[in-house]
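Student: Got a minute? I'd like to walk through this one with you.
Tutor: Sure, let's open it.
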There are 2 protein chains.
Amino acid sequence: MIKDLPPNTVERLSLYRRRLLNYPNEDKLYIHSHKLAHLLKINPAHIRRDLMLIGFTGDVHKGYNIQNLIDKIGKAIDCKHTQKVAFIGIGDLGRAVADHFNQKETKLKIAATFRTSKPPKTQFQEVTCYHISDMKKVLIKENIELVVLAVPRSYAKAISGEIIRTKVKGILNFTSVHLNVPDRIFVEDYDVIAKLEKLSFFTNTA
Amino acid sequence: MIKDLPPNTVERLSLYRRRLLNYPNEDKLYIHSHKLAHLLKINPAHIRRDLMLIGFTGDVHKGYNIQNLIDKIGKAIDCKHTQKVAFIGIGDLGRAVADHFNQKETKLKIAATFRTSKPPKTQFQEVTCYHISDMKKVLIKENIELVVLAVPRSYAKAISGEIIRTKVKGILNFTSVHLNVPDRIFVEDYDVIAKLEKLSFFTNTA
DNA sequence: TTCTTGCTGTTAATCAATTCACAATTGCTT
DNA sequence: AAGCAATTGTGAATTGATTAACAGCAAGAA
């Protein structure tokens with residue numbers, strides 16, 4: 001794991017890897033920066049720069065060895081142990097994401113989902129779905145470190161109050177409520193409403 | 001509606017307004033930049049600069065008039081007519097967002113939701129939930145211009161292929177698939193997997 | 001062998017976003 | 001009336017992200 005990678009680079013490395021994992025294996029062992037850039041619709045220089053930052057070097061003619069690159073990205077951004085993730089109050093989106101995390105190459109594992117309503121305890125694939133009232137207990141017992149939080153506003157405060165009493169270290173926060181958590185917890189906010197209003201703005205001016 | 005606002009400013013203006021709408025009305029008619037900044041955990045200069053960009057000016061002692069500011073933000077970022085939004089394949093998250101759009105102050109209206117599975121046609125609040133197979137028809141009939149797309153990978157291509165044959169102008173894309181759409185459609189990607197891997201990275205180094 | 005081609009690695013340039021810092025203003029206090 | 005205190009509006013500085021540009025290299029063609 002490399003220190004001091006820019007946040008956006010970390011995100012892109014994740015994208016590179018995922019794209020490469022799905023890359024038709026055919027006989028292709030290598031890929032050029034501009035080819036990968038084209039697949040991801042980004043600038044080739046960006047890729048070369050990102051790979052430079054993690055010290056991965058390609059062949060001047062053949063390009064980048066795909067398997068080695070996948071491995072190197074893992075070394076750069078994955079943590080050593082597997083981290084468990086929980087989805088709190090997010091139905092279909094979790095489902096849309098889940099398949100990837102059942103692949104071999106990932107250090108993240110979806111360990112539980114929670115709902116504020118309905119099913120008190122059901123299975124979804126191999127992931128158990130609990131009622132929200134069991135959240136704290138399960139987060140602790142399962143040693144979950146990352147959560148995706150997408151519950152209605154009215155729940156947000158109480159739930160985040162419980163989360164800080166667990167071992168959770170990171171929250172992807174889709175509630176439009178600003179969470180009051182200690183510094184040891186890393187929060188990434190995403191405000192759907194603001195994004196929609198931005199979308200509205202740029203579809204009417206641009 | 002103002003041209004040439006930076007994207008991030010547009011997003012923040014949306015956040016400012018929403019925060020102000022929920023601001024305890026008490027007797028407070030005015031708010032200072034640092035007070036609002038504190039509520040949103042951002043830098044006060046940021047707020048002053050954003051408001052400068054939309055030509056809103058405050059009182060050197062009282063601060064910003066809340067109602068006027070709300071109105072001005074509307075003039076700056078809202079489009080004139082109401083725009084309709086659809087949620088495609090996103091259950092709870094849509095629910096978590098929906099309440100806001102039933103407020104008076106918004107130009108966006110959730111007009112439909114679609115599911116890839118289960119309920120062929122049910123109601124959620126006043127919003128009808130259709131089966132995905134009716135999507136194109138409904139998008140056209142309802143004149144929907146914005147969609148939030150969060151279906152499993154395997155559906156993404158086919159669905160985006162249908163979307164481009166409607167009047168949709170903007171897509172908030174939560175599928176990790178790069179959509180191939182013409183330039184007239186504004187796409188904002190959000191890759192949950194990449195965000196989670198970033199979260200994992202920064203909870204293990206920082 | 002020598003030339004051409006096309007790629008990587010990397011520095012430099014550009015562009016965008018954020019924050020600093022302070023002049024100007026004006027109510028309030030004395 | 002004069003000085004203090006607090007706030008806005010904004011130019012300048014800083015930080016960060018992206019893109020351009022090209023030297024250096026090596027395979028393959030001539």
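Student: Which helices each supply at least two residues of the surface near DNA strand D?
Tutor: From chain A, helix H1 (7-21) and helix H3 (44-53); from chain B, helix H2 (33-40) and helix H3 (44-53). Near means a heavy atom within 4 Å. Helices are DSSP runs of H or I, at least four residues, and strands are E runs of at least two, numbered from the N terminus.
Student: Any ground rules?
Tutor: The model is predicted: local features need pLDDT of at least 70, side-chain atom pairs need 80 or more, and totals for chains, interfaces and linings use all residues. Residues count from 1 along each chain, chains are lettered from A and ligands numbered from 1 in written order, and side-chain values use heavy atoms, without hydrogens or water.
Student: Which element gives the largest share of the surface near DNA strand D?
Tutor: H3(A), with four residues.
Student: And which residues come nearest to DNA strand D?
Tutor: A:Arg12, B:Ser33, B:Thr57, B:Gly58 and B:Val60, of the 23 around the strand.
Student: What does B:Gly58 lie close to, by its polar backbone atom?
Tutor: A phosphate oxygen of DNA strand D, 2.7 Å away. That is a polar contact (N or O atoms within 3.5 Å).
Student: What about A:His61?
Tutor: A polar side-chain atom of A:His61 is 3.3 Å from a base nitrogen of the strand.
Student: Sugar-phosphate or bases: how do the strand's atoms within 4 Å of the protein divide?
Tutor: 68% belong to sugar or phosphate, the rest to bases.
Student: New topic. What does B:Leu172 touch in chain A?
Tutor: A:Tyr190, A:Val192, A:Lys195, A:Leu196 and A:Leu199, leaving out residues up to four places away in sequence. Touching means heavy atoms within 4.5 Å.

How values were computed
A polar contact is a pair of N or O atoms within 3.5 Å; within protein, one must be able to donate a hydrogen and the other to accept it, and residues adjacent in sequence count only if both atoms are side-chain atoms.
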